[in-house]
Amino acid sequence: SGPFKLKEWRKGDQVILEKNPTYFKGAPLLDEFVVKVVANEDATIAGLKTGEVTIGGIAAKDLADMQTVDNIKIHKYSGLGYSFIGWNTRAANVPALADKRVRQALAYGLNMDAVIKAVIFGEAVAHVAHHVPAQWAYPSDQSALNPYKYDKAKAEKLLDDAGWVKGSDGIRAKDGKKFTLTLSTNSGNKARETIAQVAAEQYTQLGIEAKAAPEAFQGLVTKLTGGDTGLDATIIGWANLGDDPYQVWHSSQHPDPATKKTGLAFTYFKSDELDKAIVEGRNPSNGDCSIPARKKHYDTFNKILNEEQPYNFGFVDNTIIGAQKTLQGYAPQPFGAFYNVQEWWIKK
């Protein structure tokens with residue numbers, strides 16, 4: 001029923017789609033649409049420069065370079081996702097993460113503004129809740145949310161208050177157990193790998209034995225959604241978020257390795273008040289399904305998350321797309337980069 005239909009699938013290489021002449025908005029102007037699998041960000045950049053790739057995502061580190069390429073037009077907008085550090089509140093090796101004070105300390109102890117400037121080249125804004133600015137559910141009153149501006153002294157006090165105090169070696173410990181922390185992320189994503197390294201360095205300054213651990217994306221996702229208790233913290237991101245956060249945050253969506261149940265609520269954070277706000281936001285018990293009524297519940301939901309910090313919510317980065325100047329009709333928007341694909345055409 002869409003503008004294109006499957007013609008061929010070459011596993012690990014590309015998916016070839018052909019125009020659907022019976023599409024209800026009219027047959028697309030393009031005959032084919034090919035989705036290519038590439039090895040990494042560098043391969044996309046190379047393809048855009050040579051013209052082999054018509055459209056492709058651009059990492060912030062490559063923006064300045066791509067702005068000098070004559071055949072490419074840059075499209076940029078704040079998208080429907082964010083990058084974050086997810087804390088496993090049931091981590092087998094890091095009992096500290098079950099304590100809200102520790103999670104708050106980890107927020108104060110990471111200079112997110114400096115990370116955005118140095119790693120994302122300023123192409124992002126710091127984030128402190130689940131919903132993003134492009135969504136109607138984005139928190140109405142930002143002043144009600146803690147921005148967790150970098151404050152090393154406050155971070156250290158919270159760790160002290162939680163009982164994680166520095167020993168003679170400078171490493172924090174409690175009940176004879178040292179505070180160690182492994183920050184996992186997907187290898188090949190240079191920005192996330194760098195963020196993991198920077199975070200590990202800054203947490204080491206707090207007296208935490210922290211290290212970065214990149215690994216293959218698919219394996220990492222399998223661990224996350226399967227509830228691997230060996231994961232301490234994961235730097236990853238959400239994209240194309242809907243307004244309903246049920247699958248990501250409701251406690252019924254926790255993975256369960258014992259039953260092999262998978263789930264996206266891999267922090268294992270649980271709050272009855274949070275669950276209630278999620279349910280009311282998607283289906284208000286008083287029958288008022290208007291946006292203002294639902295938004296009140298989502299404001300409550302975001303305020304709880306901001307206080308409890310099961311994620312360091314990181315940042316909302318700009319979506320940056322490079323397109324050949326010969327591509328006509330391409331006008332990506334936060335809610336759909338391909339919404340008008342049937343109108344695209346190539347200028348010869």
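Here is a friendly exchange about how some labels in this predicted model are earned.

Me: Why is Asn306 called buried?
Reply: Buried means under 20% relative accessible area. Asn306 has a relative accessible area of 4%, so the label applies. This residue lies in helix α10.

Me: Which residues does Asn306 touch, leaving out those up to four places away in sequence?
Reply: Contact means heavy atoms within 4.5 Å. With that cut-off, Asn306 touches Val128, Leu145, Asn146 and Tyr148.

Me: What makes helix α3 "mostly covered"?
Reply: Look at residues 100–108, which form α3: 7 of these 9 residues are buried. They are Val102, Arg103, Gln104, Ala105, Leu106, Ala107 and Tyr108. Each of those seven names therefore stands for a residue under the 20% cut-off.

Me: Which elements do the buried residues of α3 pack against?
Reply: Two of the partners are strands, β6 (82–87) and β14 (311–324). The others are the helices α5 (152–161), α6 (190–204) and α10 (291–308).

Me: What makes a set of residues a nonpolar core?
Reply: The members must be buried residues of certain kinds, Leu and Trp among them, joined through side-chain atoms within 4.5 Å. The largest such core here has 40 residues, and Trp87, Phe179, Leu181, Leu183, Tyr203 and Ile208 touch the most other members. At least two residues of this core come from each of β6, α3, α4 (112–119), α5, β11 (180–186), α6 and β13 (233–238). Helix α6 gives the most, with 6 residues. Apart from this core lies another, of 26 residues, including Leu80, Ile236, Leu274 and Tyr298.

Me: Which residues does Leu183 touch, not counting those up to four places away in sequence?
Reply: Among them are Ile85, Trp87, Ala196, Tyr203 and Ala233. Lys211 is also on the list.

Me: How do you know that β1 and β2 pair?
Reply: Two strands pair if there are at least two bridges between them. Here 6 bridges join β1 to β2 (residues 14–19), so the condition is met, and the two run antiparallel. As one example of how they line up, Glu8 stands opposite Ile16 in β2.

Me: Why are β1 and β3 called edge strands?
Reply: Start with the sheet: 3 strands form an open sheet in the order β1-β2-β3, with antiparallel pairing. Strands β1 (4–10) and β3 (32–36) each have a single partner strand, so one side of each has no neighbour in the sheet. From one strand to the next, the twist averages 20 degrees.

Methods:
Residues are numbered from 1 along each chain as its sequence is written. This is a predicted model: local features need pLDDT of at least 70, side-chain atom pairs count only at pLDDT 80 or more; totals for chains, interfaces and linings use all residues. Side-chain values use heavy atoms; hydrogens and water are left out. Buried means under 20% relative accessible area, exposed over 50%, partly exposed in between (1.4 Å probe, protein chains only). Helices (H or I, at least four residues) and strands (E, at least two) are DSSP runs, numbered from the N terminus. Axes are lines fitted to C-alpha atoms, for helices over the stretch in contact, and angles run from 0 to 180 degrees between N-to-C directions.
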